[in-house]
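Here are my notes on the model, point by point. Have the structure open while you read.

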Amino acid sequence: MSHKYVIAGPSSQALAVQVSKLLGMPAIETEFKKFPDGENYVRLKIEDEDSLAGSEVFIIQTTDFPQNDHLWELLYLISISRRLQCEKVHAIVPYLAYSRQDKVFRQGEAVSAELILTMIEHAGATSFSTIDIHAPSVLSILSIPSYNLDAMPALAQHLNDVELVNPAVISPDKGSRARSGQFAKLINAELVEFDKSRDTITGEISMDGDAKDADLQGRDVAIADDIIATGGTMSAAISLAKKGGARKLYALCTHPLLIKNACFRLFNAGVEDVIGTNTVSSQVSKVSVAPLIADHVVNL
Ligand code: R5P
């Protein structure tokens with residue numbers, strides 16, 4: 001195999017260039033647009049179609065809003081790489097859209113996460129990597145090698161620079177128990193469990209937690225989740241923790257989707273800081289996953 005390249009997908013340009021610089025690997029730029037009828041267009045900015053034959057490429061393209069555009073661009077980039085006879089085509093998708101639809105919640109639904117992954121494989125990816133996917137079990141639909149990278153140590157590192165008073169980590173729901181437990185170990189804190197439920201029709205969140213028993217009085221609290229979308233989960237956990245007497249609250253997540261007024265909601269609920277990674281670009285993307293991806297690429 002002759003050469004290795006990072007392909008900087010339209011949605012992850014800064015991250016891809018950071019990764020390429022860490023690896024000393026050339027980054028290929030893309031040209032992209034939407035046609036007047038809404039269809040997507042993407043091309044690799046290369047002069048010679050034969051130049052990639054036999055190479056190994058690492059396509060970095062996240063699939064945040066507008067998800068469907070970013071997904072189509074990703075599929076095109078994989079397909080182009082195969083057509084140009086790249087020997088290995090690694091799809092690195094820091095945030096995977098539709099990952100929360102990992103099962104049927106209501107009769108008659110599609111299991112969107114499985115469908116998206118299947119499309120990525122069928123487009124010609126020879127491996128698939130993502131970061132803190134909502135339900136890692138969904139990756140078993142793939143027959144190509146798949147990897148779920150862990151951004152929690154990098155987020156914990158950020159918090160380690162803050163002096164926390166008698167810290168506790170709150171797990172907002174059952175699904176986040178394992179992740180929160182791991183995060184608690186990383187920052188040397190006690191794990192406290194809350195119990196969120198979400199109405200599958202209205203999306204409305206309710207949360208219980210015995211904050212008194214948990215004894216959060218005067219303690220600093222961190223809540224680490226995979227995604228902050230509307231901020232509903234986090235702000236409910238923040239309010240409950242405040243009621244329990246928590247001192248400073250930190251909200252951390254891998255994928256800060258921050259839909260509409262999510263940031264306002266969190267700060268208004270009394271959070272001290274919101275810390276996310278740059279799997280998705282946002283006003284709280286303070287932790288870069290470039291070193292995590294670069295280390296992974298070296299081992300692929
Ligand atoms: C769901 O279980 C996820 O882990 C997150 O807690 C959820 O996606 C966050 O969404 P929102 O910010 O809209 O509550």
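1. First, a term for what follows: buried means under 20% relative accessible area, exposed means over 50%, and partly exposed is in between (1.4 Å probe, protein chains only). By that scale, Arg177 is partly exposed at 38% relative accessibility.

2. A word on ground rules. This is a predicted model, where local features need pLDDT of at least 70 and side-chain atom pairs count only at pLDDT 80 or more, while totals for chains, interfaces and linings use all residues. Residues are numbered from 1 along each chain as its sequence is written, and side-chain values use heavy atoms, with hydrogens and water left out.

3. Now the sheets. Helices (H or I, at least four residues) and strands (E, at least two) are DSSP runs numbered from the N terminus, and two strands pair if DSSP finds at least two bridges between them. One open sheet has six strands in the order S2-S1-S5-S6-S7-S8, paired in parallel. Strand S2 (27–28) and strand S8 (146–149) are at its edges with a single partner strand each, so one side of each has no neighbour in the sheet. Within this sheet, strand S6 (residues 88–93) and strand S7 (residues 127–131) pair in the parallel sense over four bridges, and Val93 has Thr130 in S7 as its bridge partner.

4. Helices pack here too (contact means heavy atoms within 4.5 Å; axes are lines fitted to C-alpha atoms, for helices over the stretch in contact, with angles from 0 to 180 degrees between N-to-C directions). Helix H9 (residues 290–299) lies across S5, S6, S7 and S8, at about 150 degrees to S8.

5. There is another open sheet, also of six strands, ordered S10-S9-S13-S14-S15-S16 with parallel pairing. Its edges are strand S10 (190–193) and strand S16 (285–287), each with a single partner strand, so one side of each is left free of a neighbour in the sheet. Neighbouring strands are turned by 35 degrees against each other on average, direction ignored. Helix H4 (residues 152–160) lies across S13, S14, S15 and S16, running at about 150 degrees to S14. Helix H7 (residues 232–243) lies across S9, S13 and S14, at about 165 degrees to S13.

6. Look at the edge strand S10 again. Strand S9 (residues 168–171) pairs with S10 in the parallel sense over four bridges, and Ser171 stands opposite Glu193 there. Glu193 also meets Arg177 in a salt bridge at 2.8 Å, N to O (a side-chain nitrogen of Lys or Arg within 4 Å of a carboxyl oxygen of Asp or Glu). That pair links strand S10 with helix H5 (residues 177–186), 16 residues apart. Glu193 is partly exposed, at 41%.

7. How many salt bridges does the structure hold? Nine. In one of them, Asp69 and Lys34 have their closest N and O atoms 3.0 Å apart. Asp69 lies in helix H2 and Lys34 in strand S3, so the pair ties together parts 35 residues apart in sequence. Asp69 is buried at 15% relative accessibility, whereas Lys34 is partly exposed at 46%.

8. Helix H2 also carries Trp72, which is partly exposed at 41%. Trp72, Tyr76, Leu115 and Met119 form a nonpolar surface patch with about 360 Å² of accessible area together. Patches use residues with over 30% relative accessible area and no salt bridge, joining like charges within 9 Å and nonpolar side chains (Val, Leu, Ile, Met, Phe, Trp, Tyr) within 5 Å; the areas come from the Shrake-Rupley method with a 1.4 Å probe, and for residues only the protein chains shown count as cover.
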